[in-house]
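Student: I would like a close look at a single part of this model. Please describe the sheet and its surroundings in one connected account.

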Amino acid sequence: MTGNITFTMIKPGAVTNEHIGDILKMISEAGFWIAAMKYTKLSQSQAAYFYNVHKDRPFFEGLVEFMTSGPIVVAILEKDNAVADYRRLIGNTDPAKAEPGTIRKLFAESVQRNAVHGSDSDSNARKEADFFFSKSERFDRQGNFLELVPATEVQ
Ligand code: DAT
Ligand code: MG
């Protein structure tokens with residue numbers, strides 16, 4: 001069984017260019033339920049922790065600088081096959097390689113300023129969601145608290 005959530009951020013750039021509404025509309029129209037959402041700004045240490053897996057990459061410093069440069073929207077999205085379906089909706093990391101009609105093709109300014117984040121696995125979706133949201137801040141489509149697929153079934 002696949003997990004039913006993914007985690008997204010609308011990054012600085014997409015926020016300051018006023019694309020929050022356009023992006024949330026695409027997310028809703030693609031069948032994702034917004035289970036949790038907030039408007040926030042990352043500190044240096046939050047951004048470094050979130051992108052820790054990339055700490056030895058040459059783009060890490062620039063990535064942290066960009067991600068702390070302005071406000072972001074963070075959200076948990078619920079849907080069957082959420083992780084893979086959302087990666088398809090956002091498109092390639094590099095907007096030059098992204099499919100037409102994807103969020104990154106439409107709104108990314110560059111590979112660094114690429115409009116949105118999307119989790120790359122069910123287990124990272126859980127970790128990323130837990131970093132930003134408590135269990136009492138997540139709701140299902142019926143307005144009840146969100147129940148997740150049992151963690152033992154998530155890779
Ligand atoms: P993704 O966001 O598609 O999962 P990733 O996890 O490989 O991509 O990289 C995380 C972020 O780091 C990415 O959204 C933008 C930045 N990044 C990746 N490769 C980069 C590069 N070659 N130059 C500049 N920034 C890069
Ligand atoms: Mg990634």
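**The sheet and its surroundings**

Tutor: Four strands, in the order β2-β3-β1-β4, make up an open sheet with antiparallel pairing. Because β2 (33–40) and β4 stand at the edges with a single partner strand each, one side of each has no neighbour in the sheet. From one strand to the next, the twist averages 15°. The model is a predicted one.

Strand β1 (5–10) is the natural place to continue. It is joined to strand β3 (residues 72–78) by 6 bridges, and the two run antiparallel. Within this pairing, Phe 7 has Ile 76 of β3 as its bridge partner, and Thr 8 stands opposite Ala 75 in β3. β1 also pairs with β4, in the antiparallel sense, over 3 bridges. On that side, the bridge partner of Thr 8 is Gly 118 in β4. Thr 8 thus has a counterpart in β3 and another in β4.

The burial of β1 can be described face by face. In a regular strand, side chains alternate between the two faces of the sheet. In β1, one side carries Ile 5, Phe 7 and Met 9, the other carries Thr 6, Thr 8 and Ile 10, and all of these are buried. The strand is accordingly mostly covered, with 6 of its 6 residues buried. Helix α6 (residues 122–132) lies across β1 and β3, and runs at about 55° to β1.

The nonpolar core extends this picture. In soluble globular proteins, nonpolar side chains tend to be buried together. Here the largest nonpolar core has 34 residues, and those with the most contacts inside it are Ile 5, Ile 23, Ile 76, Leu 77, Tyr 86, Ile 103 and Val 116. Leaving aside neighbours within four places in sequence, Val 116 is in contact with Thr 8, Met 9, Ile 10 and Lys 11, with Ala 14 and Ile 23, and with Ile 90, Ile 103 and Arg 104.

Ala 14 leads from the sheet into a loop, the one between β1 and α1. Ala 14 is classed as buried because 26 other C-beta atoms lie within 10 Å, where 20 or more suffice. Beyond residues up to four places away in sequence, Ala 14 touches His 19, Ile 23, Phe 107, Ala 115 and Val 116. Ala 14 and Arg 104 are 90 residues apart in sequence, yet 9.8 Å apart in space from C-alpha to C-alpha.

Two residues in loops beside these strands deserve attention for their backbone. Glu 18, in the loop between β1 and α1 (20–29), is not a glycine but has a positive phi of about 65°. Glu 18 counts as exposed because it has 8 C-beta neighbours inside 10 Å, and the limit for that class is 12 or fewer. Ala 115, in the loop between α5 (103–107) and β4 (116–118), likewise is not a glycine and has a positive phi of about 75°. With 27 C-beta neighbours inside 10 Å, Ala 115 counts as buried.

Finally, there is the ligand. Ligand 1 is surrounded by His 54, Phe 59, Leu 63, Thr 93, Val 111, Gln 112, Asn 114, His 117 and Asp 120. By class, this shell has 3 nonpolar, 5 polar and 1 charged residues. One of the surrounding residues, His 117, falls within the span of β4 (116–118).

Terms used: Residues are numbered from 1 along each chain as its sequence is written. Chains are lettered from A and ligands numbered from 1 in the order in which they are written. This is a predicted model: local features need pLDDT of at least 70, side-chain atom pairs count only at pLDDT 80 or more; totals for chains, interfaces and linings use all residues. A residue is near a molecule or strand if its C-beta atom, placed from the backbone, lies within 6 Å of it. Ala, Val, Leu, Ile, Met, Phe, Trp, Tyr, Cys and Pro count as nonpolar, Asp, Glu, Lys and Arg as charged, and the others, Gly among them, as polar. Two residues are in contact if their C-beta atoms, placed from the backbone, lie within 7 Å. A nonpolar core is a set of buried Ala, Val, Leu, Ile, Met, Phe, Trp, Tyr and Cys residues joined through C-beta atoms within 7 Å. Two strands pair if DSSP finds at least two bridges between them. Axes are lines fitted to C-alpha atoms, for helices over the stretch in contact, and angles run from 0 to 180 degrees between N-to-C directions.
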